[in-house]
Amino acid sequence: MKLAASLLAADFAHLARDVARVEGAVDLLHLDVMDGHFVPNLTFGPPVANALRSHTRLPFAIHLMIERPAQYAREFQVRPEDSITIHVEAADPPERSLCVIRDLGCKAGISFRPGTPLEGVFPFLDRVDLVLVMSVEPGFGGQAFLPQALDRIRALRREIGSRPVEIAVDGGIGPGNVRSVIEAGADVIVAGSAIFGRSDPHAAAVELWTKAGHTRRS
Ligand code: DX5
Ligand code: ZN
């Protein structure tokens with residue numbers, strides 16, 4: 001298992017401080033980029049993500065909830081261990097966006113809304129490093145986990161077969177359900193409120209490892 005801390009639930013006025021708090025207890029930083037079109041919310045874009053680079057050694061998992069990922073992906077300063085994930089429903093054709101991301105030299109991911117048929121991502125499984133299963137409607141943190149995501153994780157796991165593609169799951173995951181998400185077949189757990197919504201984000205991340213039945217290796 002890998003654990004990704006979603007900055008959406010962090011204090012935007014103290015991002016570097018909040019990142020430092022979880023640095024030793026998570027594997028990735030999950031950055032939710034929203035454009036007010038693809039989802040009815042606005043967060044931050046490349047300037048904020050790039051400014052955070054010098055404050056952490058954690059890889060970035062950039063989740064683009066925007067209509068034009070092919071247009072904006074190049075503005076993120078990425079490293080080979082980072083990933084940029086687009087949505088299959090975005091206005092830019094996924095084929096084009098994934099090519100742009102590959103050219104940047106980082107990992108490429110594809111995601112889809114809870115209401116989008118799972119089969120919609122199957123044509124891209126040979127072109128991505130990860131699939132991000134949304135277990136809430138994208139746009140906001142702190143929503144309840146949609147249990148139908150568990151069946152989608154299992155079906156996706158079967159379809160992926162032996163391909164080197166990770167399954168990440170995003171939305172509504174906390175100490176009470178992290179184990180069921182892992183048991184369904186997730187490789188990467190994304191958690192926002194369950195980490196940064198707590199008074200001690202480091203302890204909250206450690207609790208997620210424990211509840212998942214894993215020991216944090218570090
Ligand atoms: C929602 C975002 C998630 C969000 C998850 O659109 O993609 O990454 O931060 O937040 P929690 O863990 O609070 O559901
Ligand atoms: Zn996300």
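**Strand pairing and the zinc site, question by question**

In this predicted model, strand S5 (residues 107-112) and strand S6 (residues 130-134) run parallel and share 4 bridges.

Q: Why do S5 and S6 count as a pair?
A: Two strands pair if there are at least two bridges between them; S5 and S6 have 4, so they qualify. Within the pairing, Phe-112 sits opposite Val-133 of S6.

Q: What do the strands build, with what kind of pairing?
A: A closed barrel of 8 strands, in the order S1-S2-S3-S4-S5-S6-S7-S8, with parallel pairing. On average, neighbouring strands are turned by 25° against each other, direction ignored.

Q: Which strands does helix H4 touch as it packs on the sheet?
A: Helix H4 (residues 94-104) touches strand S4 (83-87) and S5, and its direction makes about 150° with that of S5. Helix H5 (residues 148-160), for its part, lies across S5, S6 and strand S7 (166-170), at about 165° to S7.

Q: What makes His-30, Asp-32, His-63 and Asp-170 donors of the zinc ion (ligand 2)?
A: The cut-off for a donor atom here is 2.8 Å from the metal. His-30 (NE2), Asp-32 (OD), His-63 (ND1) and Asp-170 (OD) lie 2.0 to 2.3 Å from the zinc ion, so they pass. Their spacing in sequence is H-x1-D-x30-H-x106-D.

Q: Why is the site of the zinc ion (ligand 2) called octahedral?
A: Six donors need opposite ones over 155 degrees apart and all others between 65 and 115. This site has 6 donor atoms with angles of 72 to 170°, and it is classed as octahedral.

Q: Are His-30 and Asp-32 buried or exposed?
A: Both are buried, which means under 20% relative accessible area.

Methods. Residues are numbered from 1 along each chain as its sequence is written. Chains are lettered from A and ligands numbered from 1 in the order in which they are written. This is a predicted model: local features need pLDDT of at least 70, side-chain atom pairs count only at pLDDT 80 or more; totals for chains, interfaces and linings use all residues. Side-chain values use heavy atoms; hydrogens and water are left out. Donors are N, O and S atoms within 2.8 Å of the metal (3.2 Å for Na, K and Ca); water is not among the atoms, so sites may look incomplete. Four donors count as tetrahedral if all angles lie between 85 and 135 degrees; four count as square planar and six as octahedral if opposite donors are over 155 degrees apart and all others between 65 and 115; anything else is irregular. Buried means under 20% relative accessible area, exposed over 50%, partly exposed in between (1.4 Å probe, protein chains only). Helices (H or I, at least four residues) and strands (E, at least two) are DSSP runs, numbered from the N terminus. Axes are lines fitted to C-alpha atoms, for helices over the stretch in contact, and angles run from 0 to 180 degrees between N-to-C directions. Contact means heavy atoms within 4.5 Å.
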